[in-house]
Amino acid sequence: DSPIQALLDLPHPELDIYEICWWLTWARHADGNAYLQKVRSGNQLTGPVVELWPVSPSIMRPKTEQGSTNFIDYYERDSYDGREPIKVPVENVIHFKIGVDPRDVRKGISPLKRLIREVNGDTIATEFTEALLSNYGIPGLVVKLPAETTLSPKQQEDLKTTIEERFNRANRGRVGVLSGGADMEQFGFSPEQLNMKVLHDVPETRIAAVMGVDPLVARLGVGLEQTSNYASARQVRENFTELTVIPMWMMDQAKWNRKLKPDFTSDPRTVIAYDLTEVRSLQEDADAKWARITAAWGAGLMTREMALRELGLDPDLAPEEILLVPSKASYVKVSQAI
């Protein structure tokens, strides 16, 4: 019933909290920074916060006046109409970031910016593949003439132009006839020889590594090849949740409590926290849970009632409703075993 919860449930006229959290994650990984600007009712510095608006890091940046001892004096946001930038008070901005940029400690640093060469290399590999396929998979051709044949520069250029016009692009695959002992050979690498898969796999794995995302979770080819077992895939997803997603949630949680909570209350008993109780990848496997509790009960470490409660079952069953359980070679009632 907290007014903070009401704001988080409906933070924006058009965007819900899930869309805003998705955007926060995307902006931080692409730029290192993400901003939410508070919209207040009444006083623009102390009025109650009624909305949260995402602001692109491409148009907002922290600023510190020359000679100021403040870490950040205000945030500068570009005007949409091309006028002078707007000074947004620090009190009205929630600044989410990843890490700390060593060149400007007021800002975060994007994992992807550190791998711009890898991102560019993956793009170039894609462009090369497209160019190769558009040329019918043939990187290039060379026309070989007999040693005694002599062509002028103009004749050579005419021959080159003729072959390009007849066998490139839309004319690929047509039949060619060469006279005068000329021979035409492939020049360069075929797709198989070039192994385009490797050109994509290396950037994929490095990008996934700095993002803290296993290639399998991102559904990348290299990840799907390495893990085909469902149990292994499930473990990979659990590790991703525990090692990447939850630490990110904890950082966000600290930021929410420091930059949004004071606008509503100073009560230390009120906190903004992520509810992890129903995150599927954090839940214990049902089979493993039953095996663990059954083993503990069988070893006398817990009572029947305690075991049933742990399993989410009714501990107040009548004796005739109790199932038979094995005890050595014979079957006895649970009530008798206890």
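In which sense do strand 1 (residues 33–40) and strand 2 pair, and over how many bridges? The two strands run antiparallel to each other and are joined by six bridges. The model described here is predicted.

## The sheet with strands 2, 1 and 6

Strand 1 and strand 2 belong to an open sheet of three strands, arranged in the order 2-1-6 with antiparallel pairing. The edges of this sheet are strand 2 (49–55) and strand 6 (93–97); each has a single partner strand, so one side of each is left without a neighbour in the sheet. From one strand to the next, the twist averages 25°.

One pair of facing residues can be named for strand 2: Pro54 in this strand has Leu36 opposite. Helix 2 (residues 17–31) packs on the sheet and touches strand 1, strand 2 and strand 6. The direction of helix 2 makes about 140° with that of strand 1.

## The sheet with strands 3, 4 and 5

Another open sheet is formed by three strands in the order 3-4-5, again with antiparallel pairing. Strand 3 (60–63) and strand 5 (86–89) are the edge strands here, and each of them pairs on one side only. On average, neighbouring strands of this sheet are turned by 35° against each other, with direction ignored.

Strand 3 pairs with strand 4 (residues 74–77) over four bridges, in the antiparallel sense. Within strand 4, Tyr75 stands opposite Pro62.

## The largest pocket

The largest pocket holds about 1,000 Å³ of space. Its lining consists of 29 residues, and those nearest the centre of the pocket are Ile17, Tyr18, Cys21, Trp249 and Tyr274. Helix 1 (3–9), helix 2 and helix 8 (230–259) are the elements that each give two or more residues to this lining.

Which element gives the largest share of the lining? Helix 2 does, with nine residues. Sorted by class, the lining of the largest pocket has 19 nonpolar residues, six polar residues and four charged residues.

## Salt bridges

Side chains of opposite charge can pair when their charged atoms come close. The structure holds 10 salt bridges. One of them is formed by Arg28 and Asp252, whose closest N and O atoms are 2.6 Å apart. This pair links distant parts of the chain: Arg28 lies in helix 2 and Asp252 in helix 8, 224 residues apart.

Helix 2 therefore comes up in several places: helix 2 packs on the sheet of strands 2, 1 and 6, gives nine residues to the lining of the largest pocket, and carries Arg28, the partner of Asp252 in helix 8.

Methods. Residues numbered from 1 in each chain as written. Predicted model: local features only at pLDDT ≥ 70, side-chain atom pairs only at ≥ 80, totals over all residues. Heavy atoms only, no water. Pairing = 2+ DSSP bridges. Axes fitted to C-alpha atoms, helices over the stretch in contact; angles between N-to-C directions. Contact = heavy atoms within 4.5 Å. 1 Å grid on protein atoms, 1.4 Å probe; cavity = no way out; pocket = protein on both sides within 12 Å on 5 of 7 lines; lining within 4 Å. Points joined across faces, edges and corners; volume = space filled by probe spheres on them. Nonpolar A, V, L, I, M, F, W, Y, C, P; charged D, E, K, R; others polar. Salt bridge = Lys/Arg side-chain N within 4 Å of Asp/Glu carboxyl O.
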